[in-house]
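This report walks through a protein chain from its overall plan to a few individual residues. Please keep the sequence and the structure at hand while reading.

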Amino acid sequence: MFNFARIENMCDFCHFIKKIVLVVTFLQVSSAPAFAQICTSGYFNEKLEEESPVQRVGTAQNTRNIEIHWSQPADFTETDPFVGNNYQLAIHEGIDFIHSNQSIPQVSVRSVADGKVVYIRRGCPQSNLFEPNTEERECGAGWGNHVVILHPNGLFTRYAHLAPDTIQITVSQQIHRGEELAKMGNSGRSDMRHLHFEMGVAIEFKSCAPSQSFEYIYNPITPLGWGDLLH
Ligand SMILES: [Zn+2]
């Protein structure tokens with residue numbers, strides 16, 4: 001997802017206030033996240049085109065990158081990189097794993113590590129798999145159908161643009177590395193079948209609420225050691 005329009009709408013003063021809030025909240029994320037609601041089937045609203053704030057790039061992931069074995073979330077034919085600078089709002093908030101081979105009808109999306117499902121957004125339609133989606137593009141705040149998983153080191157991962165009616169998991173379910181979550185899709189703000197994969201930190205995810213941003217996001221390529229894989 002590219003968010004130029006949303007970035008242009010931010011005022012300087014808002015930036016200043018937001019920076020203070022984020023600095024304060026970031027100090028709290030090392031404590032265990034709290035989950036006020038448990039919607040096991042996830043949040044569903046096919047008519048809602050919600051908004052979430054553009055996520056800010058953080059730099060403190062090193063202490064969290066411990067004893068986690070990461071794997072690749074999906075097969076792909078091409079990738080688009082994360083784009084963003086430290087402490088700025090990201091331009092592209094994750095890595096895109098694009099699968100443009102139409103002879104392969106379904107592509108699995110898998111968890112990159114062990115963890116727990118903390119959020120599911122369902123109900124976002126898609127008009128087709130290989131052309132720009134024309135239905136409810138802002139559904140799921142542009143992420144379309146998506147899943148968020150919390151890993152044991154406190155990092156969260158998000159798997160976006162999933163195909164409708166393919167999410168096979170429930171909120172609070174324990175997930176193993178490599179376990180299938182759903183099929184790659186084209187829902188939300190997507191122009192071609194692809195997985196938009198994000199890594200970040202958050203204080204809380206409300207399982208029965210509309211889509212939510214992370215407090216900070218990171219370029220996944222460094223902590224996950226994907227440099228060779230994606231070049
Ligand atoms: Zn993307």
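Two residues are said to be in contact if their C-beta atoms, placed from the backbone, lie within 7 Å. With that meaning in mind, residues 24 or more positions apart account for 73% of the contacts in the protein chain with a separation of 6 or more. The model discussed here is a predicted one.

## Overall plan

The protein chain has two helices and 12 strands, and from the N terminus on its elements run α-α-β-β-β-β-β-β-β-β-β-β-β-β. Of its 231 residues, 42% count as buried.

The largest nonpolar core has 43 residues, and those with the most contacts inside it are Val 109, Val 118, Val 147, Ile 149, Phe 156, Tyr 159 and Leu 162. At least two residues of this core are supplied by each of β4 (95–98), β6 (115–122), β7 (145–150), β8, β10 (180–183), β11 (194–201) and β12 (216–218). As background, nonpolar side chains in soluble globular proteins tend to be buried together. One of the core residues, Tyr 159, is in contact with Pro 73, Val 109, His 146, Val 147, Leu 181, Leu 195 and Phe 197, when its neighbours within four places in sequence are left aside.

## The strands β6, β7 and β8

Which residues point one way from β7, and which the other way? Asn 145, Val 147 and Ile 149 point to one side, whereas His 146, Val 148 and Leu 150 point to the other, and all of them are buried. In a regular strand the side chains alternate between the two faces of the sheet. Because six of the six residues of β7 are buried, this strand is largely enclosed by the rest of the structure. A similar reasoning applies to β6, where seven of the eight residues are buried, so that β6 is largely enclosed by the rest of the structure.

Strand β7 pairs with β6 in the antiparallel sense over five bridges, and five bridges also join β7 to β8, again running antiparallel. Leu 150 in β7 is the bridge partner of Lys 116, and the bridge partner of Leu 150 in β8 is Phe 156. In the hairpin of β7 and β8, five residues lie between the strands, and Gly 154 takes a positive phi near 95°.

Strand β6 has further pairings. With β1 (residues 43–44) it pairs in the parallel sense over two bridges, and Tyr 43 stands opposite Arg 121 in β6. Two bridges join β6 to β9, and these two strands run antiparallel. The table lists some bridge partners of residues in β6.

| Residue in β6 | Bridge partner | Strand of the partner |
|---|---|---|
| Lys 116 | Leu 150 | β7 |
| Tyr 119 | Val 148 | β7 |
| Gly 115 | Ile 175 | β9 |

## Residues in the loops

Two residues in the loop between β8 and β9 deserve a careful look. Most residues other than glycine have a negative phi. Asp 165, however, has a positive phi of about 60° although it is not a glycine, and the phi of Ser 172 is near 80°, which is likewise a positive value in a residue other than glycine. Asp 165 is found in the loop between β8 and β9, and Ser 172 lies in that loop too, between β8 (156–162) and β9 (174–175).

Why does Asp 165 count as exposed? Asp 165 is exposed because it has 11 other C-beta atoms within 10 Å, and a residue is exposed if that number is 12 or fewer. Ser 172, by contrast, has 13 C-beta neighbours inside 10 Å and therefore counts as partly exposed. Leaving aside its neighbours within four places in sequence, Ser 172 is in contact with Ile 38, Thr 40, Lys 116 and Val 117. The C-alpha atoms of Ser 172 and Val 117 are separated by 5.0 Å, although these residues are 55 residues apart along the chain.

A residue in another loop, Asn 186, lies between β10 and β11. Is Asn 186 buried or exposed? Because 23 other C-beta atoms lie within 10 Å, Asn 186 is buried. Asn 186 and Pro 132 are 54 residues apart in sequence and 7.9 Å apart in space, C-alpha to C-alpha. Beyond its neighbours within four places in sequence, the contacts of Asn 186 include Gln 126, Asn 128, Leu 129, Asn 133, His 161, Met 192 and Arg 193.

Methods
Residues are numbered from 1 along each chain as its sequence is written. This is a predicted model: local features need pLDDT of at least 70, side-chain atom pairs count only at pLDDT 80 or more; totals for chains, interfaces and linings use all residues. Helices (H or I, at least four residues) and strands (E, at least two) are DSSP runs, numbered from the N terminus. A residue is buried if 20 or more other C-beta atoms lie within 10 Å of its own, exposed if 12 or fewer, and partly exposed in between; C-beta atoms are placed from the backbone. A nonpolar core is a set of buried Ala, Val, Leu, Ile, Met, Phe, Trp, Tyr and Cys residues joined through C-beta atoms within 7 Å. Two strands pair if DSSP finds at least two bridges between them.
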